[in-house]
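Reader: I've just opened this one and don't know my way around yet. Could you walk me through it, one question at a time?

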Amino acid sequence: MKYSITPSVANIPPSGIRKFFDIVTQMKDAISLGVGEPDFDTPWNVREAGIQSLESGQTYYTSNLGLKELRTELSGYLNRKYGTSYDADDEILVTVGGSEAIDLLIRAVIGPGDEVLIPEPSFVCYQPCTALAGGTPVPIVTTAENEFRLTPEQLKEKITDKTKLLILPFPNNPTGGIMFRKDYEAIADVLRGTDILVMSDEIYSELNYSDEPHTSFASIDGMWERTVTVNGFSKAFAMTGWRLGYAAGPSEIIAAMTKIHQYAIMSAPTTSQYAAIEALRNCDDDVADMKAEYNRRRKIMLNGFREMGLDCFEPLGAFYVFPSIQKTGLTSEEFCSKLLEEEKVAVVPGNAFGASGEGFVRCCYAYSSEHIEEALKRIKKFVERHI
C-alpha cells in the first residue's frame, strides 16, 4: 500500500537533537552531553503531591484551561518573579509541556503568507511549527560576537508587511545567550506602532547566571498587550517527564489557543497539575540549589573548552555551552559524528538549530561534574588530533 503523507509533514527533517541521542543509547561506555534534561530528580515534595493526588482519586479531566488552583498559583508566581499580572480565569492556559504552548500559539495566529521572525540559532521546533501552520519562517542570524543577542537593527531589517509574529527565545537554547532589560527595551521601541505579536519563550527563565535578574518581555512598557509568555516546569523544577507547561497572555489569544487545545488534547495531565501546585508553592530553595550547581558546572565546561583552544563565548543562561569548532576544519555534523565514533562522546551539531549554527556544537552541562570532566578529557584528545 502506498501512503500519502502531506508535503508539509514530509518536508520536515527529523530533530537533529534526537539523532545522536538515539545512537549513544546503543553504544557501550559512551558519554552524552546531548539532551537538555536536568539530571536532578524532581523534588520529593513535588513527587509526593503527585502521589497523593493519585491516592485520593484525583484522576479525572480538569478544565481545558487547567486546574483553577494551579492557574491561581501561576498568576502569583509570574507576578512575584517577573512583575507581570495575569487573570487566572482567562489569561493563563496549562498545556502539555511548553512545546504544546508554542504549537498552539503559532497555529492560533499564523496562516498562509504570514511571516514569523525567529532569532537563530534557536530551539528546533519553531520553524517546523510555523511551516505546519502554513506560515513562513524568517530566520534572524545572531552571532557569537554579539553574544547571540537580537539587536534592534537586525529586527528592523527583517520586518515586512507580512510579519505577524516575533519569537524571543531567551535564555536561549542552544547558545545560552540572554537578553538584558535594556536589550528588550530597544526591541520594544522597534515594535511600537506595529501589529506584530510576540512569543516570549521563557522556559529557562530561572536559569540566569548574570548579575541582572531575568526580564520577562511582557513586563516592558507597552509590550504586555502583544506578548504571549510561554514557560513550563521541565527545566527549572526538573519535571521533564511530567509534561507540563503554560501560556500567559491576552484573553483573546488564550481563548483561541484553548479552542485548539480542547479538541486536540482536552486537558494537561491531572497528576502533573497537582504536583506543579506544590512546586510553585514550596520549591524556591530547590530551584536555587539546582541553579547554583548548574552554574558551577557551567564554569567547568566553559573553562574546559577554552583550555583546549576552542573559541567559546560565556553563556549566561540555560544549561548549554556553544563552542565554535571551526578551528578543526570539520563541519558540525562531521565533528559530532567523528567525536562519537572516535571518543564515544555525543554532542549536538549546531546546524540542528538553524543554518547559522554551522561551525558550532551544543554541549549540555545538566550532568554530574564527573561526567562532564571525563567528556571534556575525551573531547580534548579529539580536538588535539584534528586542529
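Reader: How many salt bridges does a search of the whole structure find?

Author: Keep in mind that this is a predicted model. To count here, a Lys or Arg side-chain nitrogen has to sit within 4 Å of a carboxyl oxygen of Asp or Glu. Searching the whole structure that way, the number of salt bridges is 19.

Reader: How far apart are the closest N and O atoms of Arg149 and Asp183?

Author: These two form a salt bridge. Arg149 sits in the loop between strand 4 and helix 7, while Asp183 belongs to helix 8, so the pair ties together parts that are 34 residues apart in sequence. Between the closest N and O atoms, though, the distance is 3.3 Å.

Reader: Are Arg149 and Asp183 buried or exposed?

Author: The cut-off to know is that a residue with under 20% relative accessible area goes in one class, and one with over 50% goes in the other. For Arg149 and Asp183 alike, the label is buried.

Reader: Which helix holds both Glu293 and Arg296?

Author: Their side chains meet in a salt bridge, 2.8 Å from N to O. The two are 3 residues apart, which means about one helical turn separates them. Glu293 and Arg296 also belong to a network of salt bridges that includes Asp39 and Arg297. The helix they share is helix 11.

Reader: How does Arg296 count in terms of relative accessibility?

Author: The class between buried and exposed runs from 20% to 50%. Arg296 has 41% relative accessibility, so Arg296 counts as partly exposed.

Reader: Which residue forms a salt bridge with Arg385?

Author: The closest N and O atoms of this pair are 3.0 Å apart. Arg385 is in helix 13 and its partner is in helix 12, so the bridge ties together parts 42 residues apart in sequence. Arg385 is partly exposed at 46% relative accessibility, whereas the partner is buried with a relative accessible area of 9%. That partner is Glu343.

Reader: Which helix gives the most to the largest nonpolar core?

Author: This core has 39 residues, and Met301, Phe305, Phe319, Phe335 and Val347 touch the most other members. Helix 11, strand 9, helix 12, strand 12 and helix 13 each supply at least two residues. With 6 residues, the one giving the most is helix 13.

Reader: How many residues are in the other core, the one with Trp242?

Author: It lies apart from the largest core. Trp242, Ala268, Ala275 and Ile277 are among its members. The number of residues is 27.

Reader: At roughly what angle do the axes of helix 3 and helix 10 cross?

Author: The two axes come within 8 Å, and the crossing is right-handed. Angles are taken between N-to-C directions and run from 0 to 180 degrees. Here the angle is roughly 145°.

Reader: How do the residues of that contact between helix 3 and helix 10 divide?

Author: Helix 3 brings Asn45, Val46, Ala49, Gly50, Ser53 and Leu54, and helix 10 brings Thr271, Tyr274, Ala275, Glu278, Ala279 and Asn282. Sorted by type, they are 6 nonpolar, 5 polar and 1 charged.

Reader: How far apart in space are Gln58 and Thr270, C-alpha to C-alpha?

Author: Gln58 lies in the loop between helix 3 and helix 4, and is partly exposed at 32% relative accessibility. Leaving aside neighbours within four places in sequence, Gln58 is in contact with Ser53, Thr270 and Tyr274. Gln58 and Thr270 are 212 residues apart in sequence, but in space the distance is 7.2 Å.

Terms used. Residues are numbered from 1 along each chain as its sequence is written. This is a predicted model: local features need pLDDT of at least 70, side-chain atom pairs count only at pLDDT 80 or more; totals for chains, interfaces and linings use all residues. Side-chain values use heavy atoms; hydrogens and water are left out. Helices (H or I, at least four residues) and strands (E, at least two) are DSSP runs, numbered from the N terminus. Buried means under 20% relative accessible area, exposed over 50%, partly exposed in between (1.4 Å probe, protein chains only). A nonpolar core is a set of buried Ala, Val, Leu, Ile, Met, Phe, Trp, Tyr and Cys residues joined through side-chain atoms within 4.5 Å. A crossing is left-handed if the near helix is turned anticlockwise from the far one by less than a right angle, and right-handed if clockwise. Contact means heavy atoms within 4.5 Å. Ala, Val, Leu, Ile, Met, Phe, Trp, Tyr, Cys and Pro count as nonpolar, Asp, Glu, Lys and Arg as charged, and the others, Gly among them, as polar.
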